[in-house]
Amino acid sequence: MEESTLTERNERQNNGGRTQCRNSVTSRLPFVREAARRDKKRQFTNLLHHLSIDLLRESFFQLKRNAAAGMDGVRWVDYQEDLENRLCELHRSVQQGSYRPKPAMRVFIPKEDGGERPLNIICLEDKIVQQATVMLLNQIYEVDFLGFSYGFRPERSQHDALDALGTAVLRRKVNWILDLDIRKFFDSVEHSWLIRFIEHRIEDRRLIRLIRKWLEVGVLDEHGHRVKARVGTPQGAVVSPILANIYLHYAFDLWAHKWRKQSGTGEVAIVRYADDGVLGFQRKSDAERFLEDAGERLASFGLELHPDKTRLIRFGRFADEDCRVRGEGRPNTFDFLGFTHICGKTRKGKFCLKRKTARKKLRNKLKEVSVELRRRMHDNPYETARWLRSVVQGHINYYGVPFNSRALSLFHYEIRRRWYKKLCRRSQKKRITWASFGPFADRWIPVPRIVHPYPVDRFLARTRSRNRMR
């Protein structure tokens with residue numbers, strides 16, 4: 001279900017974002033995209049001059065205003081005070097080769113499995129140059145990336161990947177699901193392979209040298225000493241997502257697309273979002289052979305499949321009946337992009353794909369809200385209400401898919417209950433009643449509702465119903 005029309009629309013999209021003056025300043029970038037589209041084997045030898053002052057300015061306004069400052073302590077509002085002079089100096093240093101990125105500050109954020117994920121906080125000027133480079137690289141690689149790649153790409157989101165997966169399960173001959181997960185992908189990317197992959201399309205030595213600087217600049221340790229990076233891409237850097245897509249495009253995507261055409265005996269559907277991938281197979285033998293071959297393929301590029309998170313399960317329109325005949329109970333489920341996918345049936349007894357909020361995601365989000373409510377316990381209730389409204393509305397906007405009403409209602413109820421408990425603890429003299437709290441909460445907490453259409457309907461609408469299966 002990875003129709004090529006989404007990629008074709010990316011080729012035709014307007015590549016200039018809006019600055020504060022609402023004028024596009026990337027008018028020359030579409031010529032790069034057109035040249036890359038005409039000749040898929042062309043190598044670009046002169047690209048760095050596209051990193052102009054106008055492109056740097058546009059990149060600056062695309063950055064988050066309230067992001068954390070790097071080791072130099074410069075924030076977005078501080079840099080804006082003398083923006084033009086700073087951009088001119090930055091542009092001069094980039095073009096002359098004297099630009100040197102600064103080491104990142106590393107922080108660790110908790111993961112769902114109890115571990116910690118390193119996150120790099122880079123300096124603002126490094127973000128500006130990286131954002132401009134990403135806008136330039138997108139012109140070349142958006143015409144190369146395959147249709148089943150959805151992670152960190154223009155005009156593609158998690159729900160596009162979910163729609164493609166849902167359509168594949170409902171419309172294709174999918175009887176087995178292979179849930180792939182690459183262990184510590186961003187920490188395992190080998191710099192030598194990444195540079196070789198980039199050189200397939202780019203021969204501008206100055207631009208490659210710039211990318212190599214970002215890969216090797218490293219981080220500051222707890223003693224303030226710089227530690228160079230020998231492997232991996234810096235998580236949290238603006239340029240990391242597209243570098244990861246380039247790496248997986250050559251290490252996995254092209255090979256997987258070729259494998260299903262030459263080695264697969266049945267239908268094979270692929271959906272990949274960053275380092276997470278879900279593949280649907282018609283035959284179990286194909287799935288088992290692909291899993292073995294994929295492990296060998298990724299190992300040759302320094303990558304490894306996660307032994308616990310990678311699994312092959314029976315899933316599809318015939319899974320319920322087959323499991324019942326074999327006495328195996330209900331079919332297994334799998335998680336992808338925050339949703340648990342379940343084999344279900346409609347009221348008329350027909351097969352349907354049900355998706356509900358993953359239990360870990362729901363539990364972790366409620367825990368985060370509880371911690372923040374405790375911190376805001378003595379704040380103005382109206383300020384807390386505004387914050388809660390944005391949290392709940394954001395949750396509904398992402399998880400409001402068909403068949404997920406029960407999980408949305410549970411999240412809505414738990415938010416109200418935890419907020420009520422924190423309001424009651426504000427004082428020992430007077431407790432607010434649930435009856436008086438209800439109208440106040442109704443005013444601020446959005447009502448849960450389904451905001452997304454069925455995956456097949458939106459997928460066919462986005463692809464303009466082209467390339468339907470035969």
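These questions and answers go through two sheets, a helix pair and a buried helix face in a predicted model.

Colleague: In what order do the strands of the open three-stranded sheet run?

Modeller: The pairing in this sheet is antiparallel. Strand E9 (334-336) and strand E11 (351-357) are the edge strands, each pairing on one side only. The order is E9-E10-E11.

Colleague: By how much are neighbouring strands of that sheet turned against each other on average?

Modeller: The sheet is open, with three strands in antiparallel pairing. Direction is ignored for this angle. The average turn between neighbouring strands is 40°.

Colleague: Which residue in E10 is the bridge partner of Phe-334?

Modeller: E9 pairs with strand E10 (residues 339-345) in the antiparallel sense, over three bridges. Phe-334 has its bridge partner in E10. That partner is His-341.

Colleague: What are the edge strands of the open four-stranded sheet?

Modeller: This sheet has mixed pairing and the order E2-E1-E4-E5. An edge strand here pairs on one side only. The edges are strand E2 (116-121) and strand E5 (226-227).

Colleague: Are E1 and E4 paired in the parallel or the antiparallel sense, and which residue of E4 is the bridge partner of Ala-104?

Modeller: Strand E1 (residues 104-110) and strand E4 (residues 219-220) are joined over two bridges. Their pairing is parallel. The partner of Ala-104 in E4 is Val-219.

Colleague: Why do H6 and H10 count as oblique to each other?

Modeller: Helix H6 (residues 124-141) packs on helix H10 (residues 205-216), with their axes 12 Å apart. Roughly perpendicular ends at 115 degrees, and roughly antiparallel needs over 145. The packing angle falls in neither class, so the pair is oblique. That angle is about 130°.

Colleague: Is the crossing of H6 and H10 left-handed or right-handed?

Modeller: The two helices pack at an angle of about 130°. Their crossing is left-handed.

Colleague: How many residues in the contact of H6 with H10 are nonpolar?

Modeller: H6 brings Val-129, Gln-130, Thr-133, Leu-136 and Leu-137 to the contact. H10 brings Leu-207, Leu-210, Ile-211 and Trp-214. Two of the contact residues are polar and none is charged. The nonpolar count is seven.

Colleague: What covers the buried residues of H18?

Modeller: Helix H18 (residues 455-462) has Pro-455, Val-456, Arg-458, Phe-459 and Leu-460 as its buried residues. The cover includes a helix and a strand. Among the covering elements are helix H7 (158-171) and E11.

Key:
Residues numbered from 1 in each chain as written. Predicted model: local features only at pLDDT ≥ 70, side-chain atom pairs only at ≥ 80, totals over all residues. Heavy atoms only, no water. Pairing = 2+ DSSP bridges. Axes fitted to C-alpha atoms, helices over the stretch in contact; angles between N-to-C directions. Parallel < 35°, antiparallel > 145°, perpendicular 65-115°, else oblique. Left-handed = near helix turned anticlockwise from the far one by under 90°. Contact = heavy atoms within 4.5 Å. Nonpolar A, V, L, I, M, F, W, Y, C, P; charged D, E, K, R; others polar. Buried < 20%, exposed > 50% of the residue type's maximum accessible area, 1.4 Å probe, protein only.
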